[in-house]
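Visitor: I would like a close look at a single part of this structure. Please take me through it step by step.

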Amino acid sequence: MVLARCAPIGQEPFWWVNNAGAVAGDDGVVIVDTCATEQRTRRFLEAVAEATRDAPVRMAVNTHQHGDHAYGNSLLPDHTVIFGHEAMRDAQLADPLIDGCPPIWTPVPDWGNVTRRVPAVAFRSELTLHSGRRRIELRHPGHAAHTAGDVVARLPEERVLFAGDLLFNGLTPMVLMGSLEGALKSLDWRAGFQAEHVVPGHGPLAGRSDLPEILARHEQVCRRARWCPPDGMQAGIGGHEASLQQGTGMMRRPGPAPPWGRAPHRARRRIQTGTRLYPASAWTAQEHECVEIHGIIRLIQPSGVTTVVP
Ligand SMILES: [Zn+2]
């Protein structure tokens, strides 16, 4: 059984609300990503336990470093072995937000009892897990894209792909901490997994036929961001202006007139400076503006998981 927990997309903007999944084999469960808060992670793990009749959670994978996919790691059983890319592990060790979320996210999420727990096994390019008869291939694109340590989890036999934040379905993709060039370079790689069922990092489940349009959307956003002048945010010109006209927004559904976040500006700046982000002290007026644009955090609490394949 392959399960996915997909957070619903409402009309409101949201942060810290991700998708996660679980693969139940003959001898236990492999979790693909946890959640940001104690409450959400517990609900997710309870739903998995219910669906799998309390099968033991033997392994877990983090698709990347971001807290919405990894802070709940500490709520996994002690015996669960966690896997992740080595850059993801390094970034999680240095992640300041779990210790002190900048007040730009107001109200700051109620993390609950989550503590830093990083993967015990770090890899560089690929690794294959076996859960009973199920084969779970972990693959890194070979370069930074959404982040430096992105990993997808592919089940070749079941034709399922857990894409992490390398795919946003119905939401504008983010390249806050990765590479805009890498995001563009990995488009074909992302398209090549031949999956019938795609679990994006955010947004609803996608089918194989949805993928070309989703990836075309990613390409469109990234190309526009690349074109954006580095000072566009301050000047309110260029890519920012164009994006406003385009009516796209980071972490929001494409639709009429939601404003554009400054993710592309940041991505552009990173390309120019190579800046590695971020200690909390590095948050700038632009980040404040971004959060103001996209609104306060809204922690949606859906229950249950969806069966992707039985
Ligand atoms: Zn992410």
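Guide: This is a predicted model, and a good place to begin is Ser131. Not counting residues up to four places away in sequence, Ser131 touches Val23, Gly25, Asp27, Gly28, Val30, Met59 and Ile136. Ser131 itself belongs to strand S7, which covers residues 126-131. Ser131 has 19 C-beta neighbours inside 10 Å, so it counts as partly exposed; a residue is buried if 20 or more other C-beta atoms lie within that distance. The C-alpha atom of Ser131 is also separated by 7.2 Å from that of Val29, although the two residues are 102 residues apart along the chain.

Among the residues that Ser131 touches are Val23 and Gly25, and these lead to strand S2. Strand S2 runs over residues 20-25, and 6 of its 6 residues are buried, so the strand is largely enclosed by the rest of the structure. Ala20, Ala22 and Ala24 point one way from S2, while Gly21, Val23 and Gly25 point the other way.

Strand S2 has pairings to follow as well. With strand S1 (residues 2-5), S2 pairs in the antiparallel sense over 4 bridges, and Val23 in S2 stands opposite Val2. With strand S3 (residues 28-32), S2 again pairs in the antiparallel sense, here over 5 bridges. Gly21 has Val32 in S3 as its bridge partner. Strands S2 and S3 form a hairpin, with 2 residues between them.

Conventions:
Residues numbered from 1 in each chain as written. Predicted model: local features only at pLDDT ≥ 70, side-chain atom pairs only at ≥ 80, totals over all residues. Buried ≥ 20, exposed ≤ 12 C-beta atoms within 10 Å, placed from the backbone. Pairing = 2+ DSSP bridges. Contact = placed C-beta atoms within 7 Å.
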